[in-house]
Amino acid sequence: MPWDFWLLFIVLGVFLPWRGRQRIRKLLALPEVTGRDRIRLYLSTISFQWALTAVIGWRAFSRCLSARELGLSAPWTAKILLITFAGAILIALGHWLNLRRMAGMSHPSIDSLRAMALRIFPRSGGELCFYLLLAVTAGVCEEFIFRGFVVGALSRAGLSNWEVVVLSSLMFGLAHLYQGRGGSIGTGLLGVMFAAVRIAYYSLLPVMVWHTVLDVVAGIAGARYLSSKRSTEPGISTENQQ
């Protein structure tokens with residue numbers, strides 16, 4: 001594998017998890033979180049993800065990874081579209097019901113997730129608009145990075161499909177280490193399904209849509225169920241609440 005691919009893998013497997021955890025720790029340590037703070041968080045994340053995607057895309061195409069190897073050239077057949085939209089509906093429903101179930105639970109990991117939800121999920125219509133842009137960005141950029149570039153680079157290096165699925169999903173889980181150990185493991189397992197579908201159909205379309213739907217549901221249902229006790233939490237500003 002080329003040296004610049006190794007460097008990008010180090011960024012994805014080491015720097016990205018460290019950066020995510022540091023940002024969340026700083027956010028949780030703030031005495032109060034305002035709507036402006038959340039919007040700044042959304043915009044900075046959007047900018048960073050598109051910049052990282054541009055760099056990775058540049059190096060991938062410079063090293064002659066083809067559009068097919070990156071999952072970008074598969075035609076949008078009726079089968080692909082059916083898988084995409086049927087999967088999106090099932091994922092949205094399952095994720096919504098799971099977040100509603102979690103709202104009534106009391107566990108240290110759930111409490112940590114609730115504390116994070118109170119600070120990062122949108123609390124007004126204006127914040128929701130920026131959050132939706134973030135959700136689309138994550139769906140497109142993260143899938144191109146982990147299911148496009150990482151899968152393509154590992155496959156080009158000669159790894160078997162199952163090795164590609166495991167390693168790409170491990171990196172995907174590590175990138176979400178800021179969600180805690182449980183969240184990181186759950187995200188990694190989700191990555192296994194995403195990677196398997198991407199490899200089976202040579203297409204990023206289903207997983208980009210599914211990822212976007214997951215994040216949209218998280219922002220809406222998470223704000224509704226996990227942030228339902230926000231008025232009693234210290235350090236949470238009511239600015240921009242409607």
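**Entry 1: a polar contact in α2**

Which side chain does R40 join in a polar contact of 2.6 Å? I looked it up, and the partner is the side chain of D37. By polar contact I mean a pair of N or O atoms within 3.5 Å; within protein, one must be able to donate a hydrogen and the other to accept it, and residues adjacent in sequence count only if both atoms are side-chain atoms. R40 sits in helix α2. Helices here are DSSP runs of H or I of at least four residues, numbered from the N terminus. I also checked a distance: the C-alpha atoms of R40 and L93 are 29 Å apart, with these positions 53 residues apart along the chain.

**Entry 2: ground rules and confidence**

A reminder to myself: this is a predicted model, where local features need pLDDT of at least 70 and side-chain atom pairs count only at pLDDT 80 or more, while totals for chains, interfaces and linings use all residues. Residues are numbered from 1 along each chain as its sequence is written, and side-chain values use heavy atoms, with hydrogens and water left out.

I then read off pLDDT, the predictor's confidence in each residue, from 0 to 100. The protein averages 90, and 94% of the residues score at least 70. Helix α4 (residues 108-120) has the lowest confidence, with a mean of 80, and α5 has the highest, at 97. Over residues 229-242 the pLDDT stays under 50, and the model has 33 contacts beyond four places in sequence for this stretch. Contact means heavy atoms within 4.5 Å.

**Entry 3: T45**

Next I went to T45, which is in helix α2 (residues 35-62). Is T45 buried or exposed? T45 is buried, at a relative accessible area of 15%. My cut-offs are under 20% relative accessible area for buried, over 50% for exposed, and partly exposed in between (1.4 Å probe, protein chains only). A polar atom of the T45 side chain lies 2.8 Å from the backbone oxygen of L41. Not counting residues up to four places away in sequence, T45 touches R23 and L134.

**Entry 4: rings**

I searched the whole structure for aromatic pairs and got eight. One of them is F5 with F149, edge-to-face, at 5.0 Å centre to centre and 85° between the planes. F5 belongs to helix α1 (residues 3-29) and F149 to helix α5 (residues 125-156), so this pair ties together parts 144 residues apart in sequence. The rule I used: rings of Phe, Tyr and Trp (its six-membered ring) pair if their centres lie within 6.5 Å, and planes under 30 degrees apart count as stacked, over 60 as edge-to-face and the rest as tilted.

Both partners are out of the solvent's reach by my cut-offs: F5 is buried at 3%, and F149 is buried at 0%. F9 and F149 have ring centres 5.8 Å apart and planes at 70°, so I noted this pair as edge-to-face. The pair links F9 in helix α1 with F149 in helix α5, 140 residues apart. F9 is buried as well, with a relative accessible area of 11%. F5, F9 and F149 make up one aromatic cluster.

I also looked for charges over rings, which takes NZ of Lys or CZ of Arg within 6 Å of the ring centre and within 35 degrees of the ring normal. R19 lies over the face of F48, 3.7 Å from the ring centre. R59 does so over W58, at 4.5 Å.

**Entry 5: the cores**

How many residues does the largest nonpolar core have? I found 34, and among those with the most contacts inside this core are F9, F146, F149 and W210. A nonpolar core is a set of buried Ala, Val, Leu, Ile, Met, Phe, Trp, Tyr and Cys residues joined through side-chain atoms within 4.5 Å. Elements giving two or more residues to the core include α1, α2, α6 (161-175) and α8 (205-226). The largest share, eight residues, comes from α5.

Leaving aside neighbours within four places in sequence, F149 is in contact with residues including L8, L12, I56 and L70. A second, separate core of 20 residues includes L27, I46, M102 and I110.

**Entry 6: positive phi**

Most residues other than glycine have a negative phi, and I noted two with a positive value. C64 has a phi near 65°. C64 is in the loop between α2 and α3 and is exposed, at 58%. Y202 has a phi of about 55°. Y202 lies in the loop between α7 and α8 and is partly exposed, at 38%.
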